[in-house]
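User: Hey, can you walk me through this structure? I'm new to this, so plain words please.

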Amino acid sequence: MGKKKKKKETKQRGVLSGHKKVGKTFVPPMRQLGDFQFVNWQSRIVPELVWMAELINRFDLIRAAELALGLARSAKQVLASQHGVWFGAASAYCRLTTAMTYVMLGRLNEIGLLEELKHGLRTLAAFYPAFPLRLLYGDEKLAPPGDTELQKFKGRLAQLQDRTERVATFTQANGVYIAFDLGMLKVSPNISLANFPAIEAYPASEESKRIAAAVRSTVTSFVGHHHQRHATTWPVSFWNRGLELEGCEFS
Amino acid sequence: MRILMTERQENIPDEFSEDLELTTTRVTEAIRNALDARLAAWKTDFAQREVHEVVGALLARQTTLAEQMILSPRIWNEHVAPLVLRCMADVYISLAWILLDPVERSQKFIVYGLGQEKLLCEHRQEQLRRDGKDPTQDPGIRAQEAWIDAQQFTFLTEVNVGSWSGIDTRKMAEEAKCLDFYRYVYSPFSPAVHSTWNHICRFNTQECTNPLHLHHRRAVAWELSLSLEYFLLPVKYVQKTFRLFDEHITLSVEAANLLDLTHELLSEIAEKRTDNSETTYAPNRDEGPPPAKGSVPPVA
């Protein structure tokens with residue numbers, strides 16, 4: 001048996017310092033640590049979290065967080081035997097069967113969250129037929145919201161382009177809040193995320209900015225992990241539907 | 001015709017077009033004179049026939065490239081100008097490397113070229129045979145073979161499918177002590193030559209700004225405005241090549257400073273225009289290509 005020729009590796013100095021030369025490729029330091037994958041905020045994370053942003057835009061921060069958490073808890077309860085599903089991501093709700101959905105809607109109704117959730121997510125559900133949380137509406141036919149509403153929604157989506165902006169930050173914070181509550185995230189008392197409630201002051205205090213940074217990295221890893229474990233077409237479907245809703249804009 | 005100057009576009013008045021044409025003609029004449037002066041002063045020595053032929057031809061090639069580019073203002077844009085300028089950078093690096101060991105490297109250069117022609121000829125013959133034709137009767141093939149045979153019999157000619165020098169262009173530039181020219185001129189123009197993403201994304205796509213559309217890009221065949229930078233750069237590179245030649249082939253040639261001449265002529269145009277327009281001519285003397293103008297190039 002012939003020996004497999006190993007690619008020569010050398011550490012780079014000067015230009016591209018820190019990069020490792022493997023064959024003809026210079027590998028950046030981060031990629032030397034392992035097989036990292038780029039989780040794009042806009043293409044992959046926004047479609048998963050946009051539902052929580054809609055709730056924040058419709059209600060105040062506290063009520064939006066209560067509604068998102070109530071929905072996530074109800075979903076987890078009906079999927080009791082299964083662990084590790086992060087219900088911060090919209091596509092996580094695709095895992096619910098019709099029977100499970102029926103039970104979950106009953107619970108949400110009992111605790112008085114269903115109507116508010118339906119009200120908060122109506123625009124999204126009406127514009128995007130593949131939106132996983134359309135299941136909240138059962139067989140109900142959703143009337144097309146019209147162009148005025150579409151322009152408003154576009155504005156809200158534009159707000160999410162920068163993930164450090166206020167609404168985007170609280171949307172991501174709600175995702176982390178759900179992870180904490182569902183027991184999927186535990187942190188050491190010495191790190192910034194340990195004082196999670198202090199994010200409320202964002203962006204006014206330095207501490208809130210530090211927590212927001214931790215929230216962003218946590219959400220990225222949660223979405224990346226979620227997509228690795230549960231294949232979904234929702235992000236692609238979300239952006240494809242955008243092309244159907246309105247034409248391109250070029251300056 | 002429209003022109004891009006200091007980030008602005010405007011219609012070029014007719015008198016400016018005429019002045020520019022006059023200027024480009026005068027500059028190309030000066031370049032041609034500079035070449036002729038050198039070739040005339042460099043006496044042929046058959047002990048170094050290959051050196052004369054290769055070095056002289058590369059010098060003439062550089063002159064041709066500069067002339068053609070200067071006389072074609074329509075290609076003074078990011079779509080086409082880099083193709084010619086990268087070619088000029090290639091000529092400069094090859095010449096610089098050859099002049100370090102002119103006899104041996106000129107021979108190597110010729111042998112490689114003959115081998116390439118032989119390979120092209122072989123492929124063409126194969127194609128003709130596939131089409132049911134007799135390659136020996138093809139006038140193109142016969143002309144190709146005759147051209148090779150006149151220099152070295154085809155059956156004795158080796159075909160080298162690697163680089164002609166045996167090393168890559170970067171290494172050649174390093175050995176010829178022009179690595180900066182490689183880094184800041186040859187390499188920056190290469191994306192346009194190979195149409196890699198860092199070129200075509202900037203100059204052949206446009207980003208959609210609709211928030212519903214994930215900032216996708218559509219393909220666009222932009223018509224770009226011309227940039228005077230692309231008039232100055234070929235002058236700069238051809239002058240640099242002449243200087244390289246002068247350093248190695250010691251001759252007493254008095255020739256005009258081509259770049260100074262170009263700046264003077266352009267300044268004259270700018271002065272003429274000052275009375276009628278706010279547009280100013282601000283030549284950039286830095287080496288290398290102008291910076292990319294972002295994802296949305298100016299539209300003429």
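User: Let's begin with chain A. How many helices and strands does chain A have?

Analyst: Chain A has 9 helices and 3 strands. Keep in mind that this is a predicted model.

User: Cool. And what pattern does chain A follow along the sequence?

Analyst: Reading along the sequence, you get β-β-β-α-α-α-α-α-α-α-α-α.

User: What does chain A span along its principal axes?

Analyst: The C-alpha trace of chain A spans about 65 × 50 × 45 Å along those axes.

User: And how much of chain A counts as buried?

Analyst: Chain A has 251 residues, and 31% of them count as buried. As for contacts in chain A between residues at least 6 apart in sequence, 59% join residues at least 24 apart.

User: Let me zoom in on α2(A). Is α2(A) mostly covered or mostly uncovered?

Analyst: Mostly covered: 13 of the 18 residues of α2(A) are buried. This helix, residues 41-58 of chain A, also has a kink of about 50°.

User: Where is that kink centred?

Analyst: On A:Pro47.

User: New topic. How many residues does each chain put into the contact between chain A and chain B?

Analyst: Chain B gives 9 residues and chain A gives 15. On the chain B side, they divide into 4 nonpolar, 4 polar and 1 charged.

User: Now helix pairs in chain B. How do α2(B) and α9(B) cross?

Analyst: Helix α2 (residues 49-70) and helix α9 (residues 229-248) of chain B have axes that come within 9 Å and cross at roughly 165°.

User: Why do α2(B) and α9(B) count as roughly antiparallel?

Analyst: Angles over 145 degrees count as roughly antiparallel, so α2(B) and α9(B), crossing at roughly 165°, fit that description. Their crossing is left-handed.

User: Which residues make that contact?

Analyst: Among them are B:Leu59, B:Leu65 and B:Met69 of α2(B), and B:Phe231, B:Val238 and B:Phe245 of α9(B). By class, the contact has 11 nonpolar, 3 polar and no charged residues.

User: What about α4(B) and α5(B)? At what angle do they cross?

Analyst: Roughly 160°, with the axes of α4 (residues 102-130) and α5 (residues 139-149) of chain B coming within 10 Å. That makes α4(B) roughly antiparallel to α5(B), and the crossing is left-handed.

User: Which residues are in that contact, and how do they divide by class?

Analyst: They include B:Glu117, B:Lys118 and B:Arg124 of α4(B), plus B:Gln144, B:Glu145 and B:Trp147 of α5(B). The contact of α4(B) with α5(B) divides into 5 nonpolar, 3 polar and 4 charged residues.

Conventions. Residues numbered from 1 in each chain as written. Chains lettered and ligands numbered in written order. Predicted model: local features only at pLDDT ≥ 70, side-chain atom pairs only at ≥ 80, totals over all residues. Axes fitted to C-alpha atoms, helices over the stretch in contact; angles between N-to-C directions. Helix = DSSP H or I, 4+ residues; strand = E, 2+ residues; numbered from the N terminus. Parallel < 35°, antiparallel > 145°, perpendicular 65-115°, else oblique. Left-handed = near helix turned anticlockwise from the far one by under 90°. Contact = placed C-beta atoms within 7 Å. Nonpolar A, V, L, I, M, F, W, Y, C, P; charged D, E, K, R; others polar. Bend = angle between axes of the 7 residues up to and from the residue. Buried ≥ 20, exposed ≤ 12 C-beta atoms within 10 Å, placed from the backbone.
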